[in-house]
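Colleague: I am new to this structure and would be grateful for a close look at a single part of it. Please begin with one ligand and then set its surroundings in the context of the whole chain.

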Amino acid sequence: MVQHSRTVTGSPAQKPKLAVWKFASCDGCQLSLLDCEDELLQLADHVEIAYFMEASSRQQAGPYDLSLVEGSITTAEDARRIREVRAQSRALVTIGACATAGGIQALRNFADVDEFIAVVYAHPEYIATLKTSTPISAHVPVDFELHGCPINKKQLLEVISAFLHRRRPQVPPHSVCIECKLRGNVCVWVAHGTPCMGPVTHAGCGALCPTYNRGCYGCFGPKENPNTESLCHWWRSELGTDKATLIENLRNFNASAPVFDAASRRLEQGSDKK
Ligand code: SF4
Ligand code: SF4
């Protein structure tokens, strides 16, 4: 295992080293970085892209100044490898719903994974997987979590820039509703009775779905301190949403984010107060 380095490189002669790692995921968040296009060239002026298998087979050994980690932990090998990545990284940032909340594959956390394997694979005996899909923070210390499915590329550039300059990333923790109002949208819930997860969902997409007249389904995960009990109450009492539909909405890309997980289990057990 490579020694964990706290040394900052980055003199004009030696640019900071960036590494991008993949665990269980669809690669969409890594593609958000590649999607930066023009900005990526500017970024390459300031950092050495030392390890990014999605973009290049050229690999430089660690340690790395900043590691971006996509994907969740679903195998024993993943659990071993993330500790190795952490040990090689001065700062480690997780990107996307899989890395920050276990991803859509965390639906296994509410079911019997062996049953899924038996249905999906012709030869289940070849599959070695954990019973759960867990976020990176359940295994190693994480310096910052960037939400989204996939992440927003402008927020990603802001986070990279902030870590390179040793400052706090300017990523607002408020809800999609705030973004919706900033865009001057008419609220699809209030105006049309469309169920919307916006009040409890983390900002970052620019209120994309309500801008096109549909409800938010929570792909950016929970905002800071979301009031899921109130959301569930209003969905049920005002919109007439049944319990099963509400649980399905909470068990989405961020099903295992602790607040969404707890809210869906409360509903399932009939212990939600409202
Ligand atoms: S449409 Fe959704 S995100 Fe926009 S203000 Fe209404 S509840 Fe919030
Ligand atoms: S409005 Fe909601 S579901 Fe749509 S992109 Fe934004 S966070 Fe995701």
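Which residues surround ligand 1?

Modeller: This is a predicted model, in which local features need pLDDT of at least 70 and side-chain atom pairs count only at pLDDT 80 or more, while totals for chains, interfaces and linings use all residues. Residues are numbered from 1 along each chain as its sequence is written, chains are lettered from A and ligands numbered from 1 in the order in which they are written, and side-chain values use heavy atoms, with hydrogens and water left out.

The shell around ligand 1 consists of Val176, Cys177, Cys180, Lys181, Cys187, Val188, Cys196, Gly198, Pro199 and Pro210; a residue belongs to such a shell if one of its heavy atoms lies within 4 Å of the molecule. With four residues, helix α7 (residues 176-182) contributes the most to this shell. Helices (H or I, at least four residues) and strands (E, at least two) are DSSP runs, numbered from the N terminus. By character, eight residues of the shell are nonpolar, one is polar and one is charged. In this scheme Ala, Val, Leu, Ile, Met, Phe, Trp, Tyr, Cys and Pro count as nonpolar, Asp, Glu, Lys and Arg as charged, and the others, Gly among them, as polar.

A second ligand gives a useful comparison. Ligand 2 is enclosed by Thr201, Cys205, Leu208, Cys209, Pro210, Cys216, Tyr217, Gly218, Cys219 and Phe220. Pro210 thus belongs to the surroundings of both ligand 1 and ligand 2. The shell of ligand 2 holds eight nonpolar and two polar residues, but no charged one.

The wider chain contains 12 helices and five strands. Its radius of gyration, taken over C-alpha atoms, is 20 Å, close to the 19 Å that the globule rule (2.2 Å times the number of residues to the power 0.38) gives for 274 residues, so the chain is as compact as a globular protein of that length. The C-alpha trace spans about 60 × 50 × 30 Å along its principal axes. By an automatic or database domain assignment, the chain is divided into domain 1 (17-164) and domain 2 (176-269). The centres of these domains, taken over C-alpha atoms, are 25 Å apart. Across the boundary, 15 residues of domain 1 are in contact (heavy atoms within 4.5 Å) with 15 residues of domain 2.

Of the 274 residues, 48% are buried, where buried means under 20% relative accessible area, exposed over 50%, and partly exposed in between (1.4 Å probe, protein chains only).

Some backbone details lie in the loops. The peptide bond between Gly62 and Pro63 is cis, with omega about 5°, and Pro63 sits in the loop between β2 (48-52) and β3 (64-70). Another cis bond runs from Cys149 to Pro150, with omega near 0°; Pro150 is placed in the loop between β5 (144-146) and α6 (153-164).

Glu37, a residue other than glycine, has a positive phi near 45° and stands in the loop between α1 (28-34) and α2 (38-46). Glu37 is exposed, with a relative accessible area of 53%. Asn213 likewise has a positive phi, near 70°, and occupies the loop between α9 (208-211) and α10 (228-237). Asn213 is also exposed, at 53% relative accessible area.
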